[in-house]
Amino acid sequence: MKHSKKFEAALKLVDKTKVYTVKEAVEVIGKTSTTKFDASVGISFNLNINTKAADQQIRGTVILPAGSGKNVRVCAITSKVDEAKAAGADFAGGKDLLEKISNEKWFDFDVMCATPEMMGEIGKLGRVLGPKGLMPNPKTGTVGPDITKMVSELKAGKVEYRADKDGNVNLAVGKCSFEPAKLEENVNAVVNQILKVRPASVKGVYVKSCHLSTTMGPSIKLSIGD
C-alpha cells in the first residue's frame with residue numbers, strides 16, 4: 001500500500017523497533033499528525049480476555065483529567081431541570097425532550113444522562129437511542145440521582161470504554177494540540193483504569209498490546225507495565 005509523503009515523513013519519526021514509555025510517546029505523537037485539522041489522539045488496547053465470559057466484560061467510564069478537547073453536548077432527562085442546567089447541561093428537560101426526539105428525530109447532542117425516575121419514559125425510546133449508543137446506563141455513569149455530578153463529569157471529559165468481541169478497546173484521549181504533559185495525564189488515567197478492571201479470571205498476560213496514534217497517523221507501541 002502506497003502512503004502519502006506526509007505519512008512517510010511522520011513514519012520516520014517513529015522507531016518501530018522501540019516500545020515507548022507514555023512520556024516518550026506523548027512527546028512524539030503530536031508531530032506525527034498528517035491532517036490539516038487538530039487531529040485526535042487515540043489509544044488502543046488488545047486484551048487477552050474471553051468476551052463471551054460474563055466475568056470478562058470490559059466496560060466502564062474514565063475521566064480524562066485534562067479533558068477530551070471536545071465540546072461534549074449533554075442532554076439531561078430529569079425532573080431536576082434547573083440543577084442540570086446549572087451544572088452545564090446543553091439541554092435539560094423531561095417528557096418534552098423525549099417527545100422532540102421521538103417526533104422530530106432530534107439528536108443534536110453527544111451523550112444523554114438521566115435520573116432514575118425518568119428511565120421508564122426513556123425506555124420507550126430504547127429502539128431509537130440504543131443503536132446510536134445514546135441510551136443512559138448505570139454502568140457508564142449516565143443514570144443516577146446526582147444530576148449535577150453526572151453532567152459536570154461528562155462536560156469535564158468523562159468518556160466510555162468498551163471491549164469489542166475481539167478484546168479491543170479504542171478511545172480518544174485528547175488532541176494533537178494538547179501539551180505533552182496534559183496528554184500524558186489523560187493516557188495514564190486510561191491505562192490505569194484498564195489495568196484496574198483486569199478480570200480476576202484472566203491468566204497470564206492481560207494487555208497483549210497497546211498503541212497510541214493520531215487520526216490517519218502512524219501508531220506508537222506503548223510499554224505500560226502489565
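**Exercise 1. The aromatic cluster**

Is F109 buried or exposed? Find out, then work through the aromatic residues around F109.

*Solution.* This is a predicted model, so let's take the computed values one at a time.

- Step 1: Check accessibility. F109 has a relative accessibility of 4%, and buried means under 20%, so F109 counts as buried.
- Step 2: Look for a ring partner. F109 forms an aromatic pair with W106, with 5.2 Å from centre to centre and 50° between the planes, which makes the pair tilted.
- Step 3: Turn to W106. At 8% relative accessibility, W106 is buried.
- Step 4: Follow W106 to F91. These two form an edge-to-face pair, 4.9 Å centre to centre with 90° between the planes. F91 is partly exposed, at 28% relative accessible area.
- Step 5: Place the F91–W106 pair in the fold. F91 belongs to strand 4 (residues 91–93), while W106 sits in the loop between helix 4 (95–104) and strand 5, so the pair ties together parts 15 residues apart in sequence.
- Step 6: Put the group together. F91, W106, F107 and F109 make up one aromatic cluster. Across the whole structure, a search finds three aromatic pairs.

**Exercise 2. The nonpolar cores**

Which elements give two or more residues to the largest nonpolar core?

*Solution.* Start with the members, then move on to the elements.

- Step 1: The largest nonpolar core has 38 residues, and those touching the most other members are I43, F45, L47, V169, V187, V190 and L212.
- Step 2: Helix 2 (22–29), strand 1 (40–47), strand 6, strand 7, helix 8 (180–196) and strand 8 (207–214) each give two or more residues. Helix 8 gives the most, with six.
- Step 3: A second, separate core holds 15 residues, including L98, W106, A114 and L129.
- Step 4: Now zoom in on V169. Leaving aside residues up to four places away in sequence, V169 touches I43, S44, F45, L47, I58, Y161, R162, A163 and I194.

**Exercise 3. The two pockets**

Describe the largest and second largest pockets by volume and lining.

*Solution.* Take the pockets in turn.

- Step 1: The largest pocket has a volume of about 670 Å³. It is lined by 29 residues, of which D110, V111, K158, V159 and E160 are closest to its centre.
- Step 2: Strand 2 (59–63), strand 5 (111–114), strand 6 (158–162) and strand 7 (168–175) each supply at least two lining residues.
- Step 3: By class, this lining has twelve nonpolar, nine polar and eight charged residues.
- Step 4: The second largest pocket holds about 190 Å³. Its lining includes R59, K139, R162, D164 and K165, and the classes there are two nonpolar, three polar and five charged.

Notes. Residues numbered from 1 in each chain as written. Predicted model: local features only at pLDDT ≥ 70, side-chain atom pairs only at ≥ 80, totals over all residues. Heavy atoms only, no water. 1 Å grid on protein atoms, 1.4 Å probe; cavity = no way out; pocket = protein on both sides within 12 Å on 5 of 7 lines; lining within 4 Å. Points joined across faces, edges and corners; volume = space filled by probe spheres on them. Helix = DSSP H or I, 4+ residues; strand = E, 2+ residues; numbered from the N terminus. Nonpolar A, V, L, I, M, F, W, Y, C, P; charged D, E, K, R; others polar. Core = buried A, V, L, I, M, F, W, Y, C linked by side-chain atoms within 4.5 Å. Buried < 20%, exposed > 50% of the residue type's maximum accessible area, 1.4 Å probe, protein only. Contact = heavy atoms within 4.5 Å. Phe/Tyr/Trp six-rings, centres within 6.5 Å; stacked < 30°, edge-to-face > 60°.
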